[in-house]
Amino acid sequence: MVIDLNKNKFKKGGVKMRKTIGILLILAIAIVLPQLAYADISLTASATVTSGTALGAHALLRCVGYSYNPSGDPFAQCTSLGTSTSLNFGTLSTRLRNSSGQDIGGAGCFYGENFYIVYLYPDAWGGKGYELKQSAATFSPAIQNSVVRTPVYSESDMYSGQTTGQGALTATEESNNPQLTPSVSALAKNAGLILKAKRARIIRAEYGIPPFPGTGDSRPTGWEAVSLETAAGTYSGTVTLTMTEWL
């Protein structure tokens, strides 16, 4: 990732791990046609499915934080960047805005008015489960305690072609994913679980540089705002997402 407090570019490099599924279905059928009063029918069938997991192409959305409605459809509110791996926060702001974009005062720090949603589409078959994680990230010291990662699970998310959402997590899935119940944010520099499941579950990984928290809001332990005294310059970082199998 790259942040420039004047020309501010923010880039994210993500590595996704893919595994291919091979399905071999063999049907050997022998049928004796009834020429007599009875018929012998011999039927054999075999199927082989390779067990494993796969991670499809992600989708990246850029969202305007002050006007974003968490209960709404992100694809209707945000700008789709396809499978890009670049997070460009633009010029970091020092002014707070209401949901209409009106200036409501100084933020007391630098922050990104935009945040990013990385939609991840894992799959599993043959009883294989998977873990989606972020490994420890590298950031310039000036921003390493300011970038926040939030995993978000939405019951209404669905794969293409489906007409209903993916539904609620099971009790077991909830116990395996304390970072989701309730949604918990963390410093993006730290490694952490995004999702652990044994079925195809769509999950969002959100990244942002927030201002100081407002009433009823919170920040991860160790979070620090980008100080107004931070020297103008270019700051960088790299985040890596990986998926591994478990039985």
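Strands here are DSSP runs of E at least two residues long, numbered from the N terminus. With that in hand, a look at the pockets of this predicted model is a good way in.

The largest pocket holds about 1000 Å³ of space. It is lined by 33 residues, and those closest to its centre are Gly 65, Phe 115, Pro 210, Asp 217 and Arg 219. Several strands chip in: β7 (93-97), β8 (103-111), β9 (114-120), β13 (148-152) and β16 (203-208) each give at least two residues to the lining of the largest pocket. The largest share comes from β16, which puts in four residues. Sorted by class, the lining of the largest pocket comes to 17 nonpolar, ten polar and six charged residues.

Then there is the second largest pocket, with a volume of about 170 Å³. Its lining is made up of 14 residues, with Asp 73, Tyr 119, Ser 156, Asp 157 and Arg 204 closest to the centre. Seven of the lining residues of the second largest pocket are nonpolar, four are polar and three are charged.

Away from the pockets, the model also has an open sheet of three strands, which run in the order β15-β11-β18 with antiparallel pairing. Its edges are β15 (192-197) and β18 (241-246), each pairing on one side only. From one strand to the next, the twist averages 20°. Strands of a sheet pair through backbone hydrogen bonds, in either a parallel or an antiparallel way. Between β11 (residues 129-134) and β15, the antiparallel pairing spans five bridges. Along β15, Leu 193 is the residue that stands opposite Lys 133.

Note on methods: Residues are numbered from 1 along each chain as its sequence is written. This is a predicted model: local features need pLDDT of at least 70, side-chain atom pairs count only at pLDDT 80 or more; totals for chains, interfaces and linings use all residues. Side-chain values use heavy atoms; hydrogens and water are left out. Two strands pair if DSSP finds at least two bridges between them. Axes are lines fitted to C-alpha atoms, for helices over the stretch in contact, and angles run from 0 to 180 degrees between N-to-C directions. On a 1 Å grid over the protein atoms alone, a cavity is a set of points where a 1.4 Å probe fits but cannot get out, and a pocket is an open set with protein on both sides within 12 Å along at least five of seven lines; lining residues have an atom within 4 Å of a point. Grid points are joined across faces, edges and corners, and a volume is the space filled by probe spheres set on the points. Ala, Val, Leu, Ile, Met, Phe, Trp, Tyr, Cys and Pro count as nonpolar, Asp, Glu, Lys and Arg as charged, and the others, Gly among them, as polar.
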